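Visitor: Hi, I'm new to this one. Could you walk me through it?
Guide: Happy to; here it is.
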2 protein chains.
Amino acid sequence: MARSRLTPERESELYAAVLDLLREVGYDALTMDAVAARTHSSKATLYRQWGSKPELVARALRHNKPVTLAEIDTGSLRGDFRALMELTDDCQMEKDTALMRGLAHAVHDNPDLHQALRELLVEPEIKGLDEVLRRAVRRGEIDPDNPALGLVPHMLIGAFVARPLIDERPVDHAFLSSYVDAVVLPSLGV
Amino acid sequence: MARSRLTPERESELYAAVLDLLREVGYDALTMDAVAARTHSSKATLYRQWGSKPELVARALRHNKPVTLAEIDTGSLRGDFRALMELTDDCQMEKDTALMRGLAHAVHDNPDLHQALRELLVEPEIKGLDEVLRRAVRRGEIDPDNPALGLVPHMLIGAFVARPLIDERPVDHAFLSSYVDAVVLPSLGV
């Protein structure tokens with residue numbers, strides 16, 4: 001797709017408007033008409049650039065993550081996790097979690113959204129996390145045969161899903177950091 | 001509530017019918033009328049016995065769990081987890097997971113269902129798990145100050161949520177057992 005027709009600034013503006021709308025009305029009620037009106041662009045432009053609503057939403061969420069996991073490289077696994085958490089403040093984390101919870105709900109009824117989120121958000125994050133872990137293995141911090149190596153995404157998703165469910169509190173730095181120290185690093189033998 | 005008016009057999013029959021209907025039509029489309037018709041009982045009886053649809057559904061799910069966690073006591077934590085998994089076969093586990101996934105979706109729109117599931121299902125399970133862990137602490141298997149002690153439900157929920165999401169496969173014994181061995185027990189120092 002000819003994404004180059006938009007300036008990066010304009011693209012950022014559009015993505016921000018999509019995320020605002022998502023928070024305001026949710027995925028199902030979000031229409032390409034509403035995005036067009038909010039951003040003073042034409043629906044034709046939106047469809048030409050992004051093809052579909054699920055792809056536009058997935059790209060807006062992807063754009064919201066300023067740094068990919070694989071770029072974090074502090075020299076230790078504990079430092080990498082700490083740097084990863086410092087990318088987002090507690091308020092932003094709470095907003096993002098609410099957004100993702102709403103989307104998890106929408107995914108149930110929209111297989112095309114599921115597919116777009118998987119390709120543009122979940123898979124790149126898992127690959128990035130893999131790269132962070134592979135570097136820790138190369139540094140000798142993790143045994144290459146440690147069976148927890150493939151289960152780190154499962155552990156982290158558990159923290160995000162279970163915190164509101166069990167403790168009825170939002171995920172924040174203090175919780176994530178204690179979870180990484182108590183569960184993730186010990187299971188990896190770090 | 002005068003639950004004693006029904007024989008245990010009749011109560012079991014009713015709960016089984018509720019779970020069948022839940023699987024067939026989902027929570028939102030499940031009506032007290034449909035339960036009454038399916039079980040040849042009157043709606044008045046259902047409301048008298050259970051008060052509301054969320055409570056009936058939560059009690060049916062609770063009834064579906066034949067043994068409470070706290071009753072499992074094999075003498076070792078590894079043995080307790082193994083016994084816990086052996087309560088459910090893979091086919092049943094897949095059916096239960098599908099059911100819970102549908103309910104997690106319904107919970108989003110029904111705060112009263114959320115409340116009933118929390119009181120009748122989530123809290124008793126967490127208390128049961130706590131009891132299993134407390135016994136392991138008393139036996140000296142787990143350090144009483146281990147910071148992972150309060151995070152076991154989060155780890156386990158992660159396994160159930162992330163397995164279909166990341167690996168696109170249902171949770172089964174082989175996966176759960178490797179997750180317990182690679183993540184849960186090492187984080188507890190067992």
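Visitor: What share of the contacts in chain A with a separation of 6 or more comes from residues 24 or more positions apart?
Guide: That share is 68%, where contact means heavy atoms within 4.5 Å. A word on conventions: this is a predicted model, where local features need pLDDT of at least 70, side-chain atom pairs count only at pLDDT 80 or more, and totals for chains, interfaces and linings use all residues. Residues are numbered from 1 along each chain as its sequence is written, chains are lettered from A and ligands numbered from 1 in the order in which they are written, and side-chain values use heavy atoms, leaving out hydrogens and water.
Visitor: Okay, how many helices and strands does chain A have?
Guide: Chain A has 9 helices and 0 strands, counted as DSSP runs (H or I, at least four residues, for helices; E, at least two, for strands) numbered from the N terminus.
Visitor: And what box do its C-alpha atoms fill?
Guide: Roughly 55 × 40 × 30 Å along the principal axes for chain A.
Visitor: New topic: how many residues does each chain bring to the contact between chain A and chain B?
Guide: Chain A brings 29 residues and chain B brings 29 residues.
Visitor: Which three residues supply the most of the area chain A buries there?
Guide: His105(A), His154(A) and Ile166(A), with 25% of it. Buried area is the accessible area (1.4 Å probe) that two parts lose on being put together, summed over both.
Visitor: How many salt bridges are there between the chains?
Guide: There are 2 between chain A and chain B, each a side-chain nitrogen of Lys or Arg within 4 Å of a carboxyl oxygen of Asp or Glu. One salt bridge joins Arg118(B) to Glu168(A), at 3.5 Å from N to O.
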